[in-house]
Amino acid sequence: MNKLKRTYFHPPKPPPSPVTAAATTTKTLNATIGRLSAQGFHRDVLLTFTTMLKSPTTTPPDAFTYPSVLKACTSLRLFSLGLSLHQHIVVNGLPSDPYISCSLINFYAKSSNVHYAQKVFDIMPERNIVPWTAIIRCYSHAGDMKNAFLLYNSMQYEGIPPSSVTILNLLSGVSDIRQVEVLHASVFKRGFLCDVFLMNCLLSIYAKCGRVEEARELFEFLDEKDIVSWNSLINAYSTTGNLSEVLNLFFRMRTKNIEPDQQTFGSLVSAIAREGSFEVGRAAHGQIVTSGFELDKHVGTSLLVFYSRLKKVDHALQIFKQSDDKDVVFWTALISGLVQNDASDKALRMFRKMLDSGVFPTSATIACVLAACAQLGAFKLGKSIHSYMLRQKMSSDIATQNSLITLYAKCGLLEQSFAVFSMMVKRDIVSWNAIIAAYAQNAYLDKAVYLFQEMRTAQQKPDSITVVSLLQACASLGAYNQGKWFHNYALRNNLGPCIRIETALVDMYAKCGDLESSRRCFDGMPRHDTVSWTAIIAGYGSHGRGMEALEMYSEFLRSGAPPNDVIFLAILYACSHNGLVEKGLSLFESMVNEYKIEARIEHLACVVDLLCRAGRVQDAYRFYKEKFLEPSMDVLGILLDASRNSGEEEIGRVVAAELSGSEIGDGGKYVQLAHSFASRAKWEGVGEAWVQMRHLGLRKIPGWSFIELHGTITPFFTRHSSHPQYVDIVFMLGNLNEESKEVVLTWEDEDLSLDSNVL
């Protein structure tokens, strides 16, 4: 029954009438070709033209034949056949016919061959408005607005006034507001103000150039407004994020008895998505359902993006499942939304389903999929997708190349990341940020700073993301002086107020040991989010100032913001490293019971460490057995050290047995085991631990530290002489040691002389 209904409402097109034997004259065949061309049967146009060529004496092609045949070549993208037709036209003596010449110009314009189109135009003996409009359209569509306007002026110089179609073709290619204003003046001068289609195009161009106020003035000036006029202005305000004006126009058009269509609802939902208002979006969704546009692709894509931005992934998936007609834009919107909501595994599964459904990905789709691979650290999959792009000969746009830079950087392959960056013909701000973040996140601060300077040399102005990446690198490496320099750069270049930069500064100063500057940056922030509160709490905790950390946490709660799992981890860490056992346990219970936050393994490990540092090893082991469903090597290592230090031999024996029976991939844990056995004089256990460690080819990483000097990191390992300047370092330390002794002796002599004077 459904099939019958669909057939009834969408009847198939009737097949073209065959060319009968009676229809043998050129005139009747031209009529047949014209009818087939109007119906869109371009292949049948070419077949009928072939029939004419088989009887050149009785049915020769004329000036009325070629335009439809050239149109068929254009639609079917048969450029070589079009060239042959051009030769045929020249042989038959018809190259100067104005109707054929215009068709040739349009053919070459659609084939992106402006040079041939200009040649056809130049040899025309007489030119009216039609060929002038065709050649202007050719240059306008090619993006060569300079020559398009030169021809527009030449046409008027020869006394041929432009038509509304001429101006419309120019408007389709302009992007300079001065050119738009010139054409607006021409519209007014030539009396085209009543042409609604032309005025709508002018309105849309003003909006695209960011001149929303001029677009509004033109809209209010129009005596006749159709749905396109309303949609153009609504889309202009939607693009700028002015939701109040979008809603105002939406309700105003309904009072004028103009019902919104799918374009209207698409712009409305996009504006709501930028604003982030869930309730307003739900109300708009209800209007869409009532109006019957829920299954429209354009509206569905806008709804999907709206729910994805508000982290309502289930709602977005529901919208996607309801749609029967899914194009590549719809698929890409869903994949992008899943990646933005940290659901990269689902995004990759959707990409597989898209390929299985026969939808070919675009470069935007590939960019989203590569971003998903980067999030998951799936290097092999990302590399295979890169290979897929090369096999399919897909063009790599800037967004795709940026995703490749990030992918290789996240997988630690900086050479490949830099190779992609080096091969880019054009680079945007995202490209520079991606490569700078690549080196910054992998502790190559000197290279990141060098690229930062190269970025400025290339006249690309760094933004807040650039500075945040560099500040995070300075924080992780303790590069205090470089961090201060980037702080000054942000101030000099007016990159604030920016909550991301300010939070990065709080974190950087705290990790570099300057807690006072960290607090000043925090107090100077116009507003705080959960991340900035977490940074200052963690800073106090790591500096041994647990009570101040608790005070900041209390102040955070008074601000009314709900805590998340990360801020609880920071405050638990502060309690653990400052001996605040009862307070830490109370906060853990509050997290689980009051705020209903599921404890991750990091929270559980923090509680175990909290109890062990307080000497409550039995309570720590009991907590471990209750909360950990699977063995955790790191937590067992904490318990093992604590039991040895506190003399809890029984717990130490049990924990050592658990560690011995597990697969350990860390040589440090075997060293801990050996020390535990040695403390209890279990020499057989010591030997077994060392043997097993050597058998697995594991080595304990020696204790190490590093210094940062001018962006270069220099590491130092315990009992290692591998540093290239080891001899010079030892010599300098010896000199410093002797000088220190002399200073101490001098102070002692001064103290003795002072004592004798006092006596």
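**A quick walk around a helical protein**

Okay, let's start with one residue: R616 is partly exposed, with a relative accessible area of 29%. Before I go on, please keep in mind that this is a predicted model.

So who does R616 pair up with? Its partner is E582, and the two side chains meet in a salt bridge, with N to O at 2.9 Å. This pair links distant parts of the chain, 34 residues apart: E582 belongs to helix α35, residues 581-594, while R616 sits in the loop between α36 (601-613) and α37 (617-627). And while we're on salt bridges, R216, E220, E245 and R252 are joined into one network by bridges that share partners. Back at the first pair, E582 has a relative accessibility of 53%, so it counts as exposed, the cut-off being over 50%. R616, at 29%, falls short of that cut-off and is therefore called partly exposed.

Now let me step back to the whole protein. What does its secondary structure come to? The count is 42 helices and two strands. There are 759 residues, and 43% of them are buried. The protein exposes about 41100 Å², and 54% of that is supplied by carbon and sulfur atoms. As for contacts, take those with a separation of 6 or more: 58% of them are between residues 24 or more positions apart.

Back to charges. How many salt bridges does the structure hold? The answer is 19. Let me show you two more. In one, R254 and E259 bring their side chains together at 3.3 Å, N to O. R254 is partly exposed there, at 27% relative accessibility. In the other, R545 bridges to E548, and their closest N and O atoms are 3.3 Å apart. Both ends of that bridge are partly exposed: R545 has a relative accessible area of 28%, and E548 comes in at 27%.

Next, the surface patches. Which residues form the positive one? They are K321, K346, R349 and K353. If you want to find the patch on the structure, go to helix α21, residues 344-356, which gives the largest share, three residues. K321 comes from elsewhere, namely helix α19, residues 313-322. Why does K321 qualify for a surface patch? A patch residue needs over 30% relative accessible area, and K321 is exposed at 64%, so on that count it passes.

There's a nonpolar patch too. Y726, V727 and V730 make it up, and together they have about 280 Å² of accessible area. V730 is in helix α42, which covers residues 726-758. Its relative accessible area is 42%, so V730 clears the patch cut-off of over 30%. Still, 42% makes V730 partly exposed, because exposed needs over 50%.

Now let's go inside. Is L183 buried or exposed? It's buried, with a relative accessible area of 0%. You'll find L183 in helix α11, residues 177-190. What does L183 touch, once we leave aside its neighbours within four places in sequence? The contacts are F149, I167, L170, L171 and V174. For a sense of spacing, the C-alpha atoms of L183 and L168 are 9.1 Å apart, and those two residues are 15 apart along the chain.

S518 tells a similar kind of story. Its place is in helix α31, residues 515-523. The relative accessibility of S518 is 0%, which is under the 20% cut-off, so S518 counts as buried. Setting aside its neighbours within four places in sequence, S518 is in contact with V506, Y509, A510 and I536.

One last stop, towards the start of the numbering. G34 lies in helix α2, residues 26-39. Buried, exposed or in between? At 29% relative accessible area, G34 is partly exposed. Between the C-alpha atoms of G34 and P67 the separation is 9.2 Å, although the two are 33 residues apart along the chain.

If you'd like to take a few places home, look at the R616 and E582 bridge, the positive patch with K321, and buried L183 in α11. That's my tour, thanks for listening!

Conventions:
Residues are numbered from 1 along each chain as its sequence is written. This is a predicted model: local features need pLDDT of at least 70, side-chain atom pairs count only at pLDDT 80 or more; totals for chains, interfaces and linings use all residues. Side-chain values use heavy atoms; hydrogens and water are left out. Patches are made of residues with over 30% relative accessible area and no salt bridge: like charges are joined within 9 Å, nonpolar side chains (Val, Leu, Ile, Met, Phe, Trp, Tyr) within 5 Å. Accessible areas come from the Shrake-Rupley method with a 1.4 Å probe; for residues, only the protein chains shown count as cover. A salt bridge is a side-chain nitrogen of Lys or Arg within 4 Å of a carboxyl oxygen of Asp or Glu. Lys and Arg count as positive and Asp and Glu as negative; His and the chain ends are not counted. The place of a charge is taken as NZ of Lys, CZ of Arg, CG of Asp or CD of Glu. Helices (H or I, at least four residues) and strands (E, at least two) are DSSP runs, numbered from the N terminus. Buried means under 20% relative accessible area, exposed over 50%, partly exposed in between (1.4 Å probe, protein chains only). Contact means heavy atoms within 4.5 Å.
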